[in-house]
Amino acid sequence: MPAVARQLVVTWAGRHRRDEWDRLCGVYRRRIRRFLPLTEKAVKLPKRGDPERRRAAEGEALLAALPEPCWQVAVDRRGKARSSEQLAAWLRRRLDGWPHPIAFLVGSDLGLAPAVRRQCRDSLSFGPLTLPHELARLVLYEQLYRALSIDAGINYHRPRL
């Protein structure tokens, strides 16, 4: 798939039914799109089988759904934890220095396959907690919007005192 310059891509694996999670994510997707294009790619999960094989197949599907080239970011509890301000600065550096999409990969309840984590150029953690994949996706969207609003000087983020 051809890449579109300077856009965000969120690729995720999990249940693909319209529900409250999707509605909540939609609020932030619309806000993010005021700043730059955003594409969401959902991959289907294998329903049965050995969890490691399922996770590996899910990882292959996540990677296959990405545009080429793109800056791949694993959203994973083992990743790099950043404050909202640090994420805003990191995102600005990527947008200024990388002319292709920035893709965030969110695994299912099985987590990201080790091969996916190794292939990603960067990682992002929301802390050591284990989050349901639906919640991790919502937090990702909110933090991306927060980072973009910090960068734009919009009065959304309130710095800690």
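This briefing walks through the salt bridges, cysteines, helices and nonpolar cores of the structure above. The model is predicted, so local features need pLDDT of at least 70 and side-chain atom pairs count only at pLDDT 80 or more, while totals for chains, interfaces and linings use all residues. Residues are numbered from 1 along each chain as its sequence is written, and side-chain values use heavy atoms, with hydrogens and water left out. In brief, there are 10 salt bridges, zero disulfides and a largest nonpolar core of 29 residues.

**Terms used throughout**

- Helices (H or I, at least four residues) and strands (E, at least two) are DSSP runs, numbered from the N terminus.
- A residue is buried under 20% relative accessible area, exposed over 50% and partly exposed in between, using a 1.4 Å probe and protein chains only.

**Salt bridges**

- Side chains of opposite charge can pair when their charged atoms come close.
- Here a salt bridge is a side-chain nitrogen of Lys or Arg within 4 Å of a carboxyl oxygen of Asp or Glu, and the count by this rule is 10.
- Arg23 and Glu20 form one of them, at 2.7 Å from N to O. They sit three residues apart in helix H1 (residues 20–32), separated by about one helical turn. Arg23 is partly exposed at 46% relative accessible area, and Glu20 is partly exposed at 45%.
- Glu52 and Arg55 form another, at 3.1 Å from N to O. This pair is also three residues apart, about one turn, within helix H2 (residues 51–64). Glu52 is partly exposed at 47%, whereas Arg55 is buried at 12%.
- Arg82 and Asp122 meet at 3.2 Å, N to O. Their salt bridge links distant parts of the chain, 40 residues apart: Arg82 is in the loop between strand E3 (71–75) and helix H3 (84–97), and Asp122 is in strand E5 (residues 122–124). Both partners are buried, Arg82 at 18% and Asp122 at 16%.
- Asp22, Arg29, Glu40 and Arg137 are joined into one network by salt bridges that share partners.

**Cysteines**

- A disulfide is a covalent bond between the sulfur atoms of two cysteines.
- The cut-off is a pair of cysteine sulfur atoms within 2.5 Å, and a search of the whole structure finds zero such pairs.
- The sulfur of Cys25 is too far for a bond, because the closest cysteine sulfur, in Cys120, is 19 Å away. Cys25 is buried, at 0% relative accessibility.
- Cys70 is in no disulfide either; its nearest cysteine sulfur, that of Cys120, is 8.4 Å away. Cys70 is buried, at 8% relative accessibility.

**Helix H2**

- The expected span of a helix is 1.5 Å times one less than its number of residues. The 14 residues of H2 reach 20 Å from first C-alpha to last, close to the expected 20 Å.
- Arg54, Arg55, Glu58, Gly59 and Leu62 are buried in H2. They cover an arc of only 140 degrees around the axis, so they lie on the same side of H2. The arc is that of the directions from the helix axis to the C-beta atoms.
- Arg53, Glu60 and Ala64 are exposed on the other side of H2.
- Strand E1 (8–13), strand E2 (38–43), strand E4 (102–106) and helix H4 (114–119) are among the elements covering the buried residues of H2.

**Helix H5**

- Helix H5 (residues 133–152) has 20 residues and an expected span of 28 Å; its end C-alpha atoms are 29 Å apart, which agrees.
- In H5, 15 of the 20 residues are buried, so the helix is largely enclosed by the rest of the structure.
- Glu142 lies in H5 and is buried at 12% relative accessibility. Glu142 touches Tyr28 and Tyr156, leaving aside residues up to four places away in sequence; contact means heavy atoms within 4.5 Å.
- Gly153, just after H5, takes a positive phi of about 75 degrees.

**Nonpolar cores**

- A nonpolar core is a set of buried Ala, Val, Leu, Ile, Met, Phe, Trp, Tyr and Cys residues joined through side-chain atoms within 4.5 Å.
- In the largest core, of 29 residues, Leu8, Leu91, Ile102 and Phe104 touch the most other members. E1, H1, E3, H3, E4 and H5 each supply at least two residues of this core, and the largest share, eight residues, comes from H5.
- Leu91 touches Leu8, Ile102, Leu144, Ala147 and Leu148, not counting residues up to four places away in sequence.
- Another core, of 14 residues, lies apart from the largest one and includes Ala65, Leu66, Cys70 and Cys120.
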